[in-house]
Amino acid sequence: MSLADELLADPDFISTRDEEAADDDQSDNNDSEDVLMRDLEDLEEEEHMEENDEPEENKNVNNEVEMKSVKDVKKVAKLLSSRQMRDILTKIEQLKDTNRSQTQIMGPVEEDPEYKLIVQANNLTVDIDNEILVVHKFIRDHYAKKFPELESLVLNPLDYTRAVKAIGNEMDLTKVDLRSILPSATVMVVTVTGSTTNGQKLTDDESMIVSDACDMALELDAAKRKILEYVESRMTLIAPNLSAIVGSTTAAKMLGQAGGLLALCKMPSCNVMLLGVQKKTSTGFSSASTPRHTGYLFQSELIQRTPQDLRIKAQKIVAAKCTLAARMDRVHESPDGSFGRNLREQIDKKLEKLQEPPPTKTVKPLPVPDEGPKKRRAGKKVRRMKEAYAVTELRKAQNRMAFGVAEDETGSFDKTKGLGLIGQNSGKIRASVADPRVKAKAPKRHQFLGSSGATSGLSSSLAFTPVQGIELINPEERQKKVKEANDRYFGGGAFLKVGKPKQQQQ
């Protein structure tokens, strides 16, 4: 058994509630604030009791009942005449002129009776939106006999309701002024389509049914605006940080669409951007300038003052900060809104950074030319390679020609080649002059010290003799003996007859 059932079964509770209800009926509009707060506490319990008493068949009436067969809109839309909505609107009417501050709230915000009224009012706005959709379907099904094409031309339920209310049973749409209801482009399309429609004129009873349904939809919309105005005036109590970022009006709309602060803080930032999004129709015109996925946040002053090419990016930045601010408001941190103001400063800095022009490229001047001696590139290997592949004097002579003189040719294997001036100069080829820079220098450890004087460097002072082996001799002495022998035999310029000496006679 639930708590509501236990309270209903308690006779003391029933008698107490009846006495309080009798006191409320006898009181006038100048009741004290304490009695008003006590009534707000009882409002939530009564709401749960009404939900338990309501049969389940009425909750899905939109799916079970065929709209065309229903002649009274009050049978499918009962929210406007419900006790819950009447009580909430009455309490709002009594509290809307009361000014309260954050310091007057004692204890947690959830325990404050006015906070409960704000949450109930936010939840009621969602129910009102669903009820408007039900009434819109009722009007659409009954008015399709008169103007079936209007449903596809005007997609917004409230705009469709206002257009039906303005057109009524008139067949000539040129006599109806729709410029205050619809955009000019849509007005033109509706007027042209209305002149060619196959719809038929409604009877008086059918026209009365449609008119009553339109009045109910407009009354629901007025009640929703009244609730949003009250919630907007109390946003400093319920969501001070969120109001510091996007303003009280936008924050109230976001809370109403999300279904309360708890539901809003559970949403990711990508879904926060879609709160209040509406399906739009291009009516035959280009949709390139119509941004997608835009709702209440995109329509806020913070986004609208941003350049058009940066609005989508700004919307993503603001949605992320709004999610953080809503969660801070849920845990009641920073009740003075300082956290929200800090987030707003961060958003402004990011948007200013996005709007800054790109940095200009600085033109660097050319460096001062270096007139000094440049470092010689490459090294000995490269210079030697150039020397090896350099054009020789012989090749230069072959490349030269004398005018009027036939050059010599040489051929082999059916190929001839001109010799140029080879052999036609002095008959000698100048020797190439070696570059002293690339001349190979032997390292010092491989240099041989030549002998000075007349003695050859190949002569040695060591001699091998069969008697003593290795012995020291004087090479100059040996040369002197050779010279004396040569002078004796060849010095006179004639050969001497050399013969054996005669043997002395014995």
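This is a walk through the structure, one selection at a time.

**Whole chain**

Start with everything shown as cartoon, and keep in mind that you are looking at a predicted model. The protein has 506 residues, 30% of which count as buried. Colour by secondary structure and you get 21 helices and four strands. Switch on the surface: about 35,200 Å² is exposed, with carbon and sulfur atoms supplying 52% of that area. As for contacts between residues at least 6 apart in sequence, 63% of them join residues at least 24 apart.

**Helix 8 and its neighbours**

Now select residues 157-167, which make up helix 8. Which of its residues are buried? Show Pro157, Leu158, Tyr160, Thr161, Ala163, Val164 and Ile167 as sticks, and you have the buried set. Follow those side chains outward and you'll find them packing against helix 6, helix 7 and helix 10. Just past the helix comes Gly168, with a positive phi near 65°.

While you're here, add Asp159, Arg162, Asp221 and Arg225 to the selection. These four are linked in a network of salt bridges.

**Along helix 10**

Helix 10 covers residues 204-233, and there are two stops on it. First pick Lys224, which lies in this helix. Is Lys224 buried or exposed? With a relative accessible area of 14%, this lysine is buried, because the cut-off for that is under 20%. Leaving aside residues up to four places away in sequence, Lys224 touches Thr125, Ile128, Asp129 and Tyr296. Keep Tyr296 on screen, since it turns up again later.

Next, go to Glu206 and look for Lys145. The two form a salt bridge, with the closest N and O atoms 3.3 Å apart. Glu206 sits in helix 10, whereas Lys145 is in the loop between helix 6 (113-143) and helix 7 (150-153), so this pair ties together parts that are 61 residues apart in sequence. Both ends are partly exposed: Glu206 has 26% relative accessibility, and Lys145 has 34%.

**A buried leucine in a loop**

Jump to Leu275, in the loop between helix 15 (269-272) and helix 16 (301-304). Despite the loop address, Leu275 counts as buried, at 6% relative accessibility. What does Leu275 touch, not counting residues up to four places away in sequence? Select Met254, Gln257, Ala258, Leu264, Met267, Gly295 and Tyr296 to see the full set. There is Tyr296 again, a contact of Lys224 and of Leu275. Then draw a C-alpha to C-alpha distance from Leu275 to Thr294: it reads 8.0 Å, for residues 19 apart in sequence.

**Around helix 18**

Before stepping onto helix 18, stop at His332, in the loop between helix 17 (311-330) and helix 18. Its phi is positive, about 60°, although His332 is not a glycine. Most residues other than glycine have a negative phi. The histidine is partly exposed, with a relative accessible area of 33%.

Helix 18 itself runs over residues 338-355. Select Asp348 and Arg344, whose side chains meet in a salt bridge at 3.5 Å, N to O. Both lie in this helix, four residues apart, which is about one turn. Asp348 is partly exposed, at 23% relative accessibility.

A little further along the sequence, show Glu356 and Lys353. Another salt bridge joins their side chains, at 3.6 Å from N to O. Glu356 is partly exposed, with a relative accessible area of 47%, while Lys353 is exposed, at 57%. If you want to hunt for others, a search of the whole structure finds 14 salt bridges.

**Between two strands**

Move on to Asp414, in the loop between strand 1 (409-412) and strand 2 (415-418). Here is another positive phi in a residue other than glycine, near 65°. Is Asp414 buried or exposed? Turn the surface back on: Asp414 is exposed, with a relative accessible area of 85%.

**Last stop: a charged patch**

Leave the surface on and select Glu476, Glu477, Glu484 and Asp487. Together they gather in a surface patch of negative charge. For a reference point, take Glu477, which is in helix 21 (residues 475-490). Glu477 is partly exposed, with a relative accessible area of 39%.

Technical notes. Residues numbered from 1 in each chain as written. Predicted model: local features only at pLDDT ≥ 70, side-chain atom pairs only at ≥ 80, totals over all residues. Heavy atoms only, no water. Patch = residues over 30% accessible without salt bridge, like charges linked within 9 Å, V, L, I, M, F, W, Y side chains within 5 Å. Areas by Shrake-Rupley, 256 points an atom, 1.4 Å probe, with all protein chains shown as cover. Lys, Arg positive; Asp, Glu negative; His and termini not counted. Charge placed at Lys NZ, Arg CZ, Asp CG, Glu CD. Buried < 20%, exposed > 50% of the residue type's maximum accessible area, 1.4 Å probe, protein only. Contact = heavy atoms within 4.5 Å.
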